[in-house]
Amino acid sequence: MWRSRLTTVMVWAAGAFALALACGIPAVSNAVNESRAAGWTTTVLNPRITTNGIELTVTTAEPATQPSGSLGHESNRVVKFVVRALNRTDSSASGDFTIRMTSVAPTSPIARVMPVPTEIWKDSGTVVLDAGQSKTFTFTSPPLAEKRIFTLILAGGDQSIPMLTLSPQKNGAIAVNR
Amino acid sequence: MSTRDRHIQVIGICVGLLAAAIVLAMTGERETNAKSGPMLSECDGRIRSIAIQYVRGADFAVPVYRQFLGELPADVIVYAVCPDRESFEELQSRLGTESSRKALPPRRLRAIVTGHPMTAWSRDRWISLWRGRRESAGTLVASRGENGGQIWPQRQGDERIAEDLARAIGRGTMRSGLYFDGGDFLADSRSVFIAPGAIARNVQHTCGDETELSEIVRRQLGLRPILLRDAPDHHAGMFMMAAGDGRVVVCDPKLAKGLLAPVELPGGADFSDSTQRRFDSVAAAATAAGYRVARIACVPACDGKTYITFVNGIIDERGGWRTIYMPVYRGQARLNAAGEGVWEKLGYRVVPIDVTSTFRYFGTLHCLVNVIEKD
């Protein structure tokens, strides 16, 4: 008898515990859940901008570990990027985007900050998409030199977001940070 | 269902809720720094301790340290963070033996040897939080990662300074989930101004948008965030300073136009309309937030990072009086006097510190000196 009562208590306790935790801990989408860590921040795995209802994201054509990893480009050190445009609205939509790459390196090991980055490459695209339709654009970067940081910036509408940071390593690999 | 069964259910629910409350309270304890106070104000309180960094050969920093530490009240504890003992001894020797108006008594410096590469710039490494009610000491908050650490070994080493320092002096430390340089944030007792660099490094990387970023900053630093999205692309402390009593001082290049003596700057002085608008946007944001704004002369160079600025100083408040250790520049007597005049008009005692040796490395006095604790 007591065993059955104890089981009933445990079942109700487990249910109440799970429900209370579900209400007390917020869920995070499109992110590694670091919301419990100091700072309540997340790691956005796929930065995105939205212009005229069209969502724009950038990834490297070759997969890299997220949120940071490396690409094994041994020769030329060029990187291919894929810009993906997805119409999230329920009607057709159009928009323009610009993708550009900047390059920077410390002027001196004892400088306080890095100088203002220089733009080394730029391209753009226009998309016209039906509701829910998506389209991809592939771009190739110029050769990336060692000991510099390259930032890929995507702009659309009034938004401009640095999407990826690339830093070629001595061994020929290219470290990717988001 | 009998009354006894209902009681069993109620007991079960209570046990479950109690367990959940304990779990949430424990995880909440870890996720919050609510026990710490807000970010230290730039302009309020008496300075109790500061940190500087030094590496062998950082010649540019020595004249600034020598003047500043010579002027600083003797009761301020100075921690010198160095990569090795040799660097510390070189600093101590150069501060004590080179000709100076006031030689620094070597006993004032307390060495913290890290054993890893680093730069000589302390300000950007961490932010100090006031001690909370139940804390014996405040907390140092370090960035999630240093900008450029991937290719810059000294900067990578800088990432560890907050922990090195906190461990050595018995303070708490926290690694923020946000990317920032300490100089991206500038606080008084009610607000924290956020430079564009910190916005760009976090939106769509550590948070969804600016609203979310503001909320994170508010919770982590305990102050009202003011985003300076159109400000110059530099640290906040290079183009503005909190002056206390609801006042801020904001740089204004056009005030420097007629005062600048010939000087070689990278690309020349930048008095363009577009740059002026960026500085004006800071004044507008501060005004919109309810601050009274005083403008002060400033010369940004065309490289966007070299500034002749009079706001990148250290403020100490003692006995109701405020002193600013204000950067000044050799050969710029008229500009220096204009800068000094603004601070004096605000009721400050001005102690000039010649930063001619450092400003070409994109920072001046405050960039070299970080305040750990204030009363």
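How many residues lie between E10(A) and E11(A) in the hairpin that they form, and which residue in the turn has a positive phi? Keep that question in mind while opening the structure, which is a predicted model, and begin the tour with chain A.

**Chain A as a whole**

Select chain A and colour it by secondary structure: one helix and 12 strands should appear, and a walk along the sequence gives the pattern α-β-β-β-β-β-β-β-β-β-β-β-β. Of the 178 residues in this chain, 29% count as buried. If you display contacts between residues at least 6 apart in the sequence of chain A, 62% of them join residues at least 24 apart.

**The hairpin of chain A**

Now select residues 149-156 and 159-168 of chain A, which are strands E10 and E11; the two run antiparallel and are joined by seven bridges. To follow the pairing residue by residue, show the side chain of Thr151(A), which stands opposite Thr165(A) in E11(A). The opening question can be settled here, since E10(A) and E11(A) form a hairpin with two residues between them, and Gly157(A) in the turn has a positive phi of about 60°.

Step back from E10(A) to Lys147(A), in the loop between strand E9 (134-140) and E10 of chain A. Although Lys147(A) is not a glycine, its phi is positive, at about 60°. Is Lys147(A) buried or exposed, or something in between? With 13 C-beta neighbours inside 10 Å, Lys147(A) counts as partly exposed.

**Where the chains meet**

Bring chain B into view beside chain A, and select the residues through which they touch: 47 residues of chain B are in contact with 45 residues of chain A. On the chain B side, H1, strand E6 (172-175) and helix H7 (210-221) each supply at least two residues, and the largest share, 14 residues, comes from H1(B). Colouring that side of chain B by residue class gives 23 nonpolar, 18 polar and six charged residues.

**A three-stranded sheet in chain B**

Staying with chain B, select E4, E5 and E6, which make up an open sheet of three strands in the order E4-E5-E6, with mixed pairing. The edge strands are E4 (126-129) and E6, each of which pairs on one side only, and the twist averages 25° from one strand to the next. Zoom in on E4(B) and on E5(B), residues 139-142, which run antiparallel and are joined by four bridges; here Ile127(B) stands opposite Val141(B) in E5(B).

**Two loop residues of chain B**

Next select Gly37(B), in the loop between helix H1 (3-31) and strand E1 (47-53) of chain B. This glycine is partly exposed, with 18 other C-beta atoms within 10 Å. Once neighbours within four places in sequence are left aside, Gly37(B) is in contact with Leu129(B), Trp130(B), Arg131(B), Gly132(B), Gly138(B) and Gly222(B). A distance drawn from the C-alpha of Gly37(B) to that of Leu221(B) reads 7.9 Å, although 184 residues separate the two in sequence.

Then move to Gln204(B), in the loop between helix H6 (196-202) and H7 of chain B. Gln204(B) has a phi near 70°, a positive value in a residue other than glycine, and with 20 C-beta neighbours inside 10 Å it counts as buried.

**Helix H10 of chain B**

For the last stop, select residues 333-345 of chain B: this is helix H10, whose 13 residues reach 18 Å from the first C-alpha to the last, close to the 18 Å expected at 1.5 Å a residue. Which residues of H10(B) are buried? They are Leu335(B), Asn336(B), Gly339(B), Val342(B) and Trp343(B). These residues cover an arc of only 125° around the axis, and therefore lie on the same side of H10(B). On the face turned away from that buried side, look for the exposed residues Ala333(B), Glu344(B) and Lys345(B).

To see what covers the buried residues of H10(B), add strands of chain B to the selection, including E11 (247-252), E12 (292-297), E14 (307-308), E16 (321-328) and E17 (349-354). Finish just after H10(B), at Gly347(B), which takes a positive phi of about 90°.

Terms used:
Residues are numbered from 1 along each chain as its sequence is written. Chains are lettered from A and ligands numbered from 1 in the order in which they are written. This is a predicted model: local features need pLDDT of at least 70, side-chain atom pairs count only at pLDDT 80 or more; totals for chains, interfaces and linings use all residues. The expected span of a helix is 1.5 Å times one less than its number of residues. A residue is buried if 20 or more other C-beta atoms lie within 10 Å of its own, exposed if 12 or fewer, and partly exposed in between; C-beta atoms are placed from the backbone. The arc is that of the directions from the helix axis to the C-beta atoms. Two residues are in contact if their C-beta atoms, placed from the backbone, lie within 7 Å. Ala, Val, Leu, Ile, Met, Phe, Trp, Tyr, Cys and Pro count as nonpolar, Asp, Glu, Lys and Arg as charged, and the others, Gly among them, as polar. Two strands pair if DSSP finds at least two bridges between them. Axes are lines fitted to C-alpha atoms, for helices over the stretch in contact, and angles run from 0 to 180 degrees between N-to-C directions.
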